[in-house]
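Colleague: Please take a close look at one part for me, the second largest pocket. Which element gives the largest share of its lining, and what else surrounds that pocket?

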2 protein chains.
Amino acid sequence: MARDVAIIGVGLSKWGELWEQSLRDIYVEAALAAIKDAGVDKIDSMYVGNMSAGLFTGQEHLASLMADYLGVASIPSARVESACASGGLAVKMGYMEVALGMSDVVLVGGVEKMTDVGTDEATFALATAADQDYEVYQGITFPGLYAMMARAHMEKYGTTREQLAHVAVKNHEHGSMNPVAQYPQKITVENVINSVMIADPLRILDCSPITDGAAAIILCPVELAKKISKKPPVKIIGLGHATDSIALHSRKDLTSLPATAKAAKAAYKMAKVNIDKIDLVEVHDCFTIAEIIVIEELGIVKKGKGGSAAESGMTRLGGKIPVNTSGGLKSKGHPVGATGVAQVVEIVKQLRGEAGPRQVKNARIGMTQNMGGSGGSTVVHIMEVA
Amino acid sequence: MARDVAIIGVGLSKWGELWEQSLRDIYVEAALAAIKDAGVDKIDSMYVGNMSAGLFTGQEHLASLMADYLGVASIPSARVESACASGGLAVKMGYMEVALGMSDVVLVGGVEKMTDVGTDEATFALATAADQDYEVYQGITFPGLYAMMARAHMEKYGTTREQLAHVAVKNHEHGSMNPVAQYPQKITVENVINSVMIADPLRILDCSPITDGAAAIILCPVELAKKISKKPPVKIIGLGHATDSIALHSRKDLTSLPATAKAAKAAYKMAKVNIDKIDLVEVHDCFTIAEIIVIEELGIVKKGKGGSAAESGMTRLGGKIPVNTSGGLKSKGHPVGATGVAQVVEIVKQLRGEAGPRQVKNARIGMTQNMGGSGGSTVVHIMEVA
């Protein structure tokens, strides 16, 4: 019988353009913050989520590097990758390690140092999440892929340019209350619509930024958490993981993200909850259109109705189900390998009641949805105060 | 209680300089061979071991790419990386997934396509397994790191230039009996000693080659294996995983590989066996000196006595404990992310009695040791006919 797994510590590094800190510096900063928060004095094993330190900084073998620089070289440590879902995947692996009983105290970190290269190189590195042979060599980049999804959604469901903008406005409003956010400024619909065109219809304020950052959490069995944790342990009650074609052109429908629907279904089943029981959600808003389609796939709104959710206030703090109270990838920033872990950090802070001005009242159950590429992989976690 | 885990299918792609096949082609070739060997008609999830497709072919997000091209897009699929130990790490993850009961039939594959770039770029990609900031930027490459280990071992223990050569001679002799081997030609001690100098004292015939290749295995619970497998299932009875400083200069002793010793100790404990019970071993002979130090750390010979093992015939086919009957990385080839999985393929073939002219008589228990970088990570597995 698998052991129940709790999160007992969370930590973040600074997020932004951190030119004076290296890849290892920011990872260790987040890891030490999580260790301090958990109040543990040792960790038994580690998982590192990272998309492409090879291309961003010429460094693979991250699991050993980070164990070494954290001062715990010799423990089992593994790096996992699923493009921008690398962080969520690392959380899954840490869950498995504890549930199986291979380790008691597991550190799960995510990290990406993206500003050691220029914009062209960063764009190339990010594009390796798409199909290199059949998409990237033809000239497509990620804004282009999501722009096609946005255009298809607008054509099929009548989603408007303004509705896309409302997602960014909401997430920046949330981010303005998050001290870690890379772009905490509030913005307006007009700001978004008049910002620089990237890939029609997406403008620069529809896109998440390039970010250096790291996030970490500490996992242990619920039984142990109840003994050692001074803060309320947060239990992982649901987990889902699914893939889809890596290439967008292989999908039946550009307006769907089947891997998200499948992963969410598995997580709901494991957690024995449905969307009505969930108090808040962190989703993968790498572009504004992504949040719109994702909340449809999670069942927050009906298919085709994602466009009006941010506009109506339903997904805003104080609304029916707040989405991306952290500011999301859009405002908080998107260090790709760290994002999935940082989403869990936000949910844990909310469920503990530590979210300050952006606190969701009476939050008891939260969910994260972390996505790789144009939806080729998705990991979903559901958490509850233990 | 964790479920017992068996290997019921194994497969390899062609190995060599495969200029007419892509990364995805060779992965799918190995995966289909393993699926056919296992006789299963579906897989529930997948792990992909790969070191650096980002740098070798501009492709990350491999787990989704490979699930897609194998025709199983939608299943949970994860890529794991620990430099040249990525394959062994993938086997560990597959073991955990089955042991925990998250999936019944799991495909574990390893792949590396190394010849799509030139030698300089390949050397850079491989060097990302070392410490980029403190080793690689100073000009070191992997032959240089292992050359320092070799020189230290020669100074401390009197290991000779000829003894290094005997490792290569033995492994090429074994490889000459392996149809998949990239360099199956037999060589002599004189050939090695007179070959081109790479990093003193290591010459080119002390070094494993650049290889394109993939390997795959199918895992399932032992209970299920006994029902569905036509061939003898091979049970994973021991597993160990450890790390060490990523940089060689951080080690106390250049002639030791503590992560290998620690991983082996954990695997022996879990399997409840000692080295005397083990009939054959596949070790990570990326350079001849590596095999010498590794067999010391595994307890096959005493510390400092690794040099004479190949020379004396002890580790040759027919000797006390055959090491690298497949030909090892040296003769069979070393597609870095595939190697750890391919080592398991060899042990399974031996334990099933399918190894042809290189068959170890009455082999019942076998072990693999897969290593990342200059020893910064190691994964050990022990297997027995179920």
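**The second largest pocket**

Modeller: The strand β8(A) gives the largest share of the lining of the second largest pocket, with six residues. Keep in mind that this is a predicted model. The pocket holds about 690 Å³ of space. Its lining counts 26 residues. Nearest its centre lie A:Leu239, A:Gly240, A:Ala266, A:Met270 and B:Met102. Look at the chain letters there: four of these names belong to chain A, and B:Met102 belongs to chain B.

The elements tell a matching story. From chain A, α4 (86-100), β8 (234-243) and α10 (258-271) each give two or more residues to this lining. From chain B, α4 (86-100) does so too. Now sort the lining by class. It has 13 nonpolar, four polar and nine charged residues.

Both chains line this pocket, so look next at how they meet, as the lining includes residues such as A:Leu239 and B:Met102. Between the chains, 61 residues of chain B are in contact with 61 residues of chain A. The area buried between them is about 4500 Å². Carbon and sulfur atoms give 53% of that area. Eight salt bridges are counted between chain B and chain A. In one salt bridge, the side chains of A:Arg24 and B:Asp131 meet at 2.7 Å, N to O.

How are the copies arranged? A turn of 180° and a shift of 0.0 Å along the axis lay chain B on chain A, with an RMSD of 0.0 Å. The two copies are therefore related as by a two-fold rotation axis. In chain B, B:Val80 has the C-alpha nearest the axis, 2.2 Å from it. The same surface serves both copies, with 100% of the contact residues of chain B recurring in chain A.

For contrast, turn to the largest pocket. Its volume is about 830 Å³. It is lined by 34 residues, and the closest to its centre are A:Leu126, A:Cys207, A:Ser208, A:Pro209 and A:Ile210. Two elements give two or more residues each to that lining: α5 (119-127) and α6 (142-157) of chain A. The helix α5(A) gives the most, four residues. By class, the lining of the largest pocket has 21 nonpolar, 11 polar and two charged residues. Set that beside the 13 nonpolar, four polar and nine charged residues of the second largest pocket.

Conventions
Residues numbered from 1 in each chain as written. Chains lettered and ligands numbered in written order. Predicted model: local features only at pLDDT ≥ 70, side-chain atom pairs only at ≥ 80, totals over all residues. Heavy atoms only, no water. Least-squares fit on C-alpha atoms with pLDDT ≥ 70 in both. Contact = heavy atoms within 4.5 Å. Buried area = accessible area lost by both parts, 1.4 Å probe. Salt bridge = Lys/Arg side-chain N within 4 Å of Asp/Glu carboxyl O. 1 Å grid on protein atoms, 1.4 Å probe; cavity = no way out; pocket = protein on both sides within 12 Å on 5 of 7 lines; lining within 4 Å. Points joined across faces, edges and corners; volume = space filled by probe spheres on them. Nonpolar A, V, L, I, M, F, W, Y, C, P; charged D, E, K, R; others polar.
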